[in-house]
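Dear colleague,

Please find below the structure that I am handing over to you. My findings follow it, arranged by residue.

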Amino acid sequence: MTTLTVMVIGAVLGSGVSKKSGSPKPYQMANISYLAPAEGFMNDDHNIQRCGMDVKQIPMVFDNNVYAQFARVEYPVQLQLILEPDPKNPTRNVVVDFADA
């Protein structure tokens, strides 16, 4: 189990049928949105300075019960996200639960 403590600003759980590519394809999405410090970027051709916060997303397991727990939270809130390997892609983590930070 891995954890990530962040300022969570929302959650989304959705499914449907996408018709963008021509033939209908079912989809599912589940994400947690959180704030992270803005980071600048510099290389030989660019110097982009940034301050403040950026909105980031991390995948959440597609589970109505997990989403229901996030739906009861008053946002924004500092939470410790509990991560586990994604069963569909073990090289990435998904949020499976949370605890108070």
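**Findings**

Leaving aside neighbours within four places in sequence, proline 37 is in contact with Gly52, Met53 and Asp54. Please bear in mind throughout that this is a predicted model. One of these partners, glycine 52, is 15 residues away from proline 37 in sequence, while their C-alpha atoms are 6.1 Å apart in space. Proline 37 belongs to strand E2, which covers residues 25–37. Its relative accessible area is 56%, and because the cut-off for exposed is over 50%, proline 37 counts as exposed.

A second proline deserves your attention for its peptide bond. Proline 76 sits in the loop between helix H1 (64–71) and E6. The bond that leads from tyrosine 75 to proline 76 is cis, with omega near -10°. For background, most peptide bonds are trans.

The loop is followed in this account by strand E6, which spans residues 77–86 and contains aspartate 86. Is aspartate 86 buried or exposed? Its relative accessibility is 7%, and since buried means under 20%, aspartate 86 is classed as buried. The side chain of aspartate 86 reaches the backbone nitrogen of lysine 88 at 2.9 Å. Not counting residues up to four places away in sequence, aspartate 86 also touches Arg92, Asn93 and Val94.

Threonine 91 lies in strand E7, made up of residues 89–100. With a relative accessible area of 75%, threonine 91 is exposed, because that value is over 50%. Which side chain does threonine 91 join through a polar contact of 2.5 Å? The partner is the side chain of asparagine 89. Threonine 91 and leucine 81 are 10 residues apart in sequence, and the distance between their C-alpha atoms is 18 Å.

Finally, I turn to the aromatic rings. The count comes to 1 aromatic pair. This pair consists of phenylalanine 70 and phenylalanine 98, whose ring centres are 4.5 Å apart; with 50° between the planes, the pair is tilted. It links distant parts of the chain, with phenylalanine 70 in helix H1 and phenylalanine 98 in strand E7, 28 residues apart. Both phenylalanine 70 and phenylalanine 98 are buried.

As you look through the structure, you may wish to begin with the tilted pair of phenylalanine 70 and phenylalanine 98, and then turn to the cis bond between tyrosine 75 and proline 76.

Yours sincerely,
A colleague

Note on methods: Residues numbered from 1 in each chain as written. Predicted model: local features only at pLDDT ≥ 70, side-chain atom pairs only at ≥ 80, totals over all residues. Heavy atoms only, no water. Helix = DSSP H or I, 4+ residues; strand = E, 2+ residues; numbered from the N terminus. Buried < 20%, exposed > 50% of the residue type's maximum accessible area, 1.4 Å probe, protein only. Polar contact = N/O pair within 3.5 Å; in protein donor to acceptor, adjacent residues only side chain to side chain. Contact = heavy atoms within 4.5 Å. Phe/Tyr/Trp six-rings, centres within 6.5 Å; stacked < 30°, edge-to-face > 60°.
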